[in-house]
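These are my notebook entries on one protein chain. I set down what I looked up, entry by entry.

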Amino acid sequence: MTSLLLGPDSRARCAWVGDDAEYRRYHDEEWGTPLHGDRALFEKMALEGFQAGLSWITILRKRPRFREVFAGFVPEAVAAFDDADVERLMGDTGIIRNRAKILATIGNARIVESMPDGELDALMWSFAPPATGARPREFADVPAVTAESTALSKELRRRGFRFVGPTTMYALMQSAGMVDDHIAGCWKA
């Protein structure tokens, strides 16, 4: 499998995009673009947690509903969710109905809510590795876990966060632009 794919607009992209228009938009507009802000990073953390074991396109397609039922991922609002909210979410076919992931998202929101404004952003970005200038040439050059994602995971878990394993945190680092894994030759590289 080639690591690049020529899109309908004649642009070379990372081949994981395939021929899906939503993946193409996500790749071009979001993935690898630096993302800051406690709310935005909390949302990214929650969605990456829900993605564990699933395809990211599944999450992208359900993201509008996730945003709706999780109060825009405003940590203070999600932190106030109670047992009735958990049951409401478990009954919503528009999201991933996994009780452990729902409870983790609410618990993680409570931790974020207790942090000073900007602390989640500063904490997560403190684990971003320095840019090396070296760009992956093939998918095989892109790791699933790094020392930085392992350290971030460990620190988040120490603080009580859940569904923040090293692989999940590396995916977050990629999508939030903490690392840039666009393949050499991709128009975004």
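Against which elements do the buried residues of helix 1 pack? I found that they pack against strand 2 (12-14), helix 2 (38-51), helix 3 and helix 9 (166-175), where helices (H or I, at least four residues) and strands (E, at least two) are DSSP runs numbered from the N terminus.

Before going on I noted that this is a predicted model, in which local features need pLDDT of at least 70 and side-chain atom pairs count only at pLDDT 80 or more, while totals for chains, interfaces and linings use all residues. Residues are numbered from 1 along each chain as its sequence is written, and side-chain values use heavy atoms, with hydrogens and water left out.

**Overall fold.** I counted nine helices and two strands in the protein chain, and read along the sequence they follow the pattern β-β-α-α-α-α-α-α-α-α-α. For 189 residues a compact globule would have a radius of gyration near 16 Å, and the protein chain has 17 Å, which agrees; the radius is taken over C-alpha atoms, and the globule rule is 2.2 Å times the number of residues to the power 0.38. The C-alpha atoms fill a box of roughly 50 × 35 × 25 Å along the principal axes. I also looked up burial, and 48% of the 189 residues are buried, meaning under 20% relative accessible area, with exposed over 50% and partly exposed in between (1.4 Å probe, protein chains only).

**Helix 1.** In helix 1, I found Tyr23, Arg24, Tyr26, His27 and Asp28 buried. At the N-terminal end of helix 1, aspartate 20 acts as a cap, with a side-chain oxygen 2.9 Å from the backbone nitrogen of glutamate 22.

**Aromatic pairs.** I next looked up the aromatic pairs, of which the structure holds ten; rings of Phe, Tyr and Trp (its six-membered ring) pair if their centres lie within 6.5 Å, and planes under 30 degrees apart count as stacked, over 60 as edge-to-face and the rest as tilted. The rings of tyrosine 26 and tryptophan 56 have centres 5.9 Å apart and planes at 45°, so this pair is tilted. The pair links distant parts of the chain, since tyrosine 26 belongs to helix 1 (residues 21-29) and tryptophan 56 to helix 3 (residues 56-69), 30 residues apart. Both tyrosine 26 and tryptophan 56 are buried.

The rings of phenylalanine 70 and phenylalanine 73 have centres 5.4 Å apart and planes at 10°, so I entered that pair as stacked. Both phenylalanine 70 and phenylalanine 73 are buried, and they belong to one aromatic cluster with Phe42, Phe50, Phe66 and Phe81.

**Charges over a ring.** What sits over the ring of tryptophan 187? I found the charged end of arginine 11 there, 3.7 Å from the ring centre, and lysine 188 also lies over the face of tryptophan 187, at 5.4 Å from the ring centre. The criterion is NZ of Lys or CZ of Arg within 6 Å of the ring centre and within 35 degrees of the ring normal.

**Positive phi.** Most residues other than glycine have a negative phi. Alanine 71, however, has a positive phi of about 50°; alanine 71 lies in the loop between helix 3 and helix 4 (75-79) and, at 31% relative accessibility, counts as partly exposed. Phenylalanine 163 also has a positive phi, near 60°, and I located phenylalanine 163 in the loop between helix 8 (147-158) and helix 9. With a relative accessible area of 33%, phenylalanine 163 is partly exposed.

Terms used:
Contact means heavy atoms within 4.5 Å. A polar contact is a pair of N or O atoms within 3.5 Å; within protein, one must be able to donate a hydrogen and the other to accept it, and residues adjacent in sequence count only if both atoms are side-chain atoms.
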